[in-house]
Amino acid sequence: MCNNKIDLRVLPKEEISNIDLNCVDLDAPAPEYEPQRQYYFISKLRSIVKSESEKAGHPLTFFVQTFGCQMNARDSEKLRGVLELAGYASGDSEDADLVVYNTCTVRENANLKVYGRLGYLGSMKKKNPNKKIALCGCMMQEPDVVEKIKKSYHFVDLIFGTHNIFKFAELLVTALESERMVIDLWKDTDQIVEELPAERTYSFKSGVNIMFGCNNFCSYCIVPYVRGRERSRRPEDIISEIKSLVQDGVKEVMLLGQNVNSYGKNLDTPVTFAQLLRQIEQIEGLERIRFMTSHPKDLSDELIEVMKHSDKICRHLHLPLQSGSSRILKQMNRKYTKEQYLELAAKLRREIPDLSLTTDIIVGFPGETEEDFQETLDVVRRVRYDSAFTFIYSRRTGTPAAAMKDQIPEEIVKDRFQRLLTLVQDISQEMSARVQGQTLPVLVESLNEHDPALVTGRLSNNLLVHFPGTEDLIGQTVYVYLKECKGFYYIGELRK
Ligand code: SAH
Ligand code: SF4
Ligand code: F3S
């Protein structure tokens, strides 16, 4: 029991994560400041969840589904953090009492998936009217989408967006207390709320946001419209988050941003990404540092230098090409030419020979000719990517490319896509075999999905290795002999 009720309005921010949430004074008004305000609502949510669980005769469960990129996945961990703290039990399917879809809208497929699954959720809710459904993420930042949901999926209880995700606890309380669909969407924000909970998927690795939003406006891309302007977190906040993650058992961090190479430019005291990396490297106990994504136009020599001399920064760089044609790159507003990209890739290969270089490529951008496409194949042959994500261009309403003339017919795009995929995969198999016969450190991630006698781990260069081992190895870094390359992964043997 609580001897003293805590009035969160007067509690310093630093103490917030240590308090007993059962002791928050809910008769006091909600604090105006963050993150205290959200802890107040988490506490309120706790009392609702407790009484609803008693009524239902079972602990209320939640299910959060991620539809998008790693940033979207990290946001889902924050949603789960709030729900766990509020006393919900974790469910493993859409049968749960509360279902949250964290959506993505980067390509049309992502949207179609959500609509398909929503239909199914609607039929489940008919059988269980107490079920609650919340939608958030990038797709919700599009007004047309929200109109459609209001019209055709009226059973949804809560809609919010990317800019106010920190208000999840407060919005969920409002939705649970209301009979109507609650919608809260912000156009943009300059706010970054620190110190909120997150529930990690893996105990030994974690994503860490270093910046939000994007200012690049590549002409095909919807991200700047749904994620807002670029905002960097302060280095001291990032460092202190990583330090506490490390204390909690994390060995590997993935620094997240749409364009990490422009990190820190708009801070009060500007800091470069390379300088931030140098600081993060100093954190004792942290073993591996990864980051995503690098825009080629902003990749500095300073960064190459830091990577080259680092024991902790992984031997992997994701450097999206998008197209190999300088003409198309200009139309895409990528701000580099084929030659500049090739020069950068050559420099990286020269300076860090064991670096794995991966990329994203779009085929079928408006106006792309066979000659343009050949330029893309040419870059792929010259850079020899260790792996590449290939995408069919998807027309996104509101982006400049959607209004461009000369959208490419589907048949042509599919043919190009197939040819690109074959080339990318052939090269990727050859590149993956580069380290065969070596013995390298592997961070073990899980039991093998198909064979429980094996465990699966990751090399610094991001390739997966399966080898005989037991569950207790999970989260440990061990040396593994890379016996056989099977295309895109290795079969290995543990070395002492
Ligand atoms: N900020 C990152 C990527 C974000 S989106 C970057 O700049 O690299 C991830 C990838 O999706 C992009 O690299 C691009 O290849 C692809 N993509 C984005 N918009 C797309 C569209 N309209 N159609 C097809 N692919 C797209
Ligand atoms: Fe989209 Fe370009 Fe920003 Fe990446 S850098 S998120 S592709 S606009
Ligand atoms: Fe990521 Fe999709 Fe949004 S790729 S930033 S979740 S549109």
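Modeller: In this predicted model, Met and Phe count as nonpolar, Arg as charged and His as polar.

Biologist: What makes the lining of the largest cavity 3 nonpolar, 1 polar and 1 charged?

Modeller: Its lining is Met254, Arg290, Phe291, Met292 and His316. Both Met residues and the Phe are nonpolar by class, His is polar and Arg is charged. That gives the split of 3 nonpolar, 1 polar and 1 charged.

Biologist: Which strand gives the largest share of that lining?

Modeller: Strand 11, residues 288-292, supplies 3 residues.

Biologist: Why is it called a cavity, and what is its volume?

Modeller: A 1.4 Å probe fits there but cannot get out, so the term is cavity. The volume is about 30 Å³. The count of cavities of 30 Å³ or more comes to 1.

Biologist: Now the ligands. Which residues come nearest to ligand 1?

Modeller: Of 15 residues around ligand 1, the nearest are Arg107, Gln258, Gln322, Asp360 and Ser394.

Biologist: How do you know that Gln258 makes a polar contact with ligand 1?

Modeller: A polar side-chain atom of Gln258 is 2.7 Å from a nitrogen atom of ligand 1. The cut-off is 3.5 Å, so the pair counts. The side chain of Gln322 also places an N or O atom 2.7 Å from an oxygen atom of ligand 1. Ser394 uses a backbone N or O atom, 2.8 Å from a nitrogen atom of ligand 1. Alone, ligand 1 has 540 Å² of accessible area, and the protein covers 89% of that.

Biologist: Which strands each supply at least two residues of the shell around ligand 1?

Modeller: Strand 13 (356-363) and strand 14 (387-392) do. By class, this shell holds 7 nonpolar, 4 polar and 4 charged residues.

Biologist: What makes the shell around ligand 2 count 7 nonpolar residues?

Modeller: Cys214, Phe217, Cys218, Tyr220, Cys221, Val223 and Pro224 are in that shell. Cys, Phe, Tyr, Val and Pro are nonpolar by class, so these make up the 7. Asn216, Gln258, His295 and Arg334 are also around ligand 2. They fall into the 3 polar and 1 charged.

Biologist: Why is Gly68 counted as polar around ligand 3?

Modeller: The class rule puts Gly among the polar residues, so Gly68 goes there. Asn72, Thr105 and Gln258 are listed around ligand 3 too. The shell totals are 4 nonpolar, 4 polar and 1 charged. Cys69, Cys104, Val106 and Cys138 belong to the nonpolar class. Arg227 is the charged one.

Definitions and conventions
Residues are numbered from 1 along each chain as its sequence is written. Chains are lettered from A and ligands numbered from 1 in the order in which they are written. This is a predicted model: local features need pLDDT of at least 70, side-chain atom pairs count only at pLDDT 80 or more; totals for chains, interfaces and linings use all residues. Side-chain values use heavy atoms; hydrogens and water are left out. A residue is near a molecule or strand if one of its heavy atoms lies within 4 Å of it. A polar contact is a pair of N or O atoms within 3.5 Å; within protein, one must be able to donate a hydrogen and the other to accept it, and residues adjacent in sequence count only if both atoms are side-chain atoms. Accessible areas come from the Shrake-Rupley method with a 1.4 Å probe; for residues, only the protein chains shown count as cover. Helices (H or I, at least four residues) and strands (E, at least two) are DSSP runs, numbered from the N terminus. On a 1 Å grid over the protein atoms alone, a cavity is a set of points where a 1.4 Å probe fits but cannot get out, and a pocket is an open set with protein on both sides within 12 Å along at least five of seven lines; lining residues have an atom within 4 Å of a point. Grid points are joined across faces, edges and corners, and a volume is the space filled by probe spheres set on the points.
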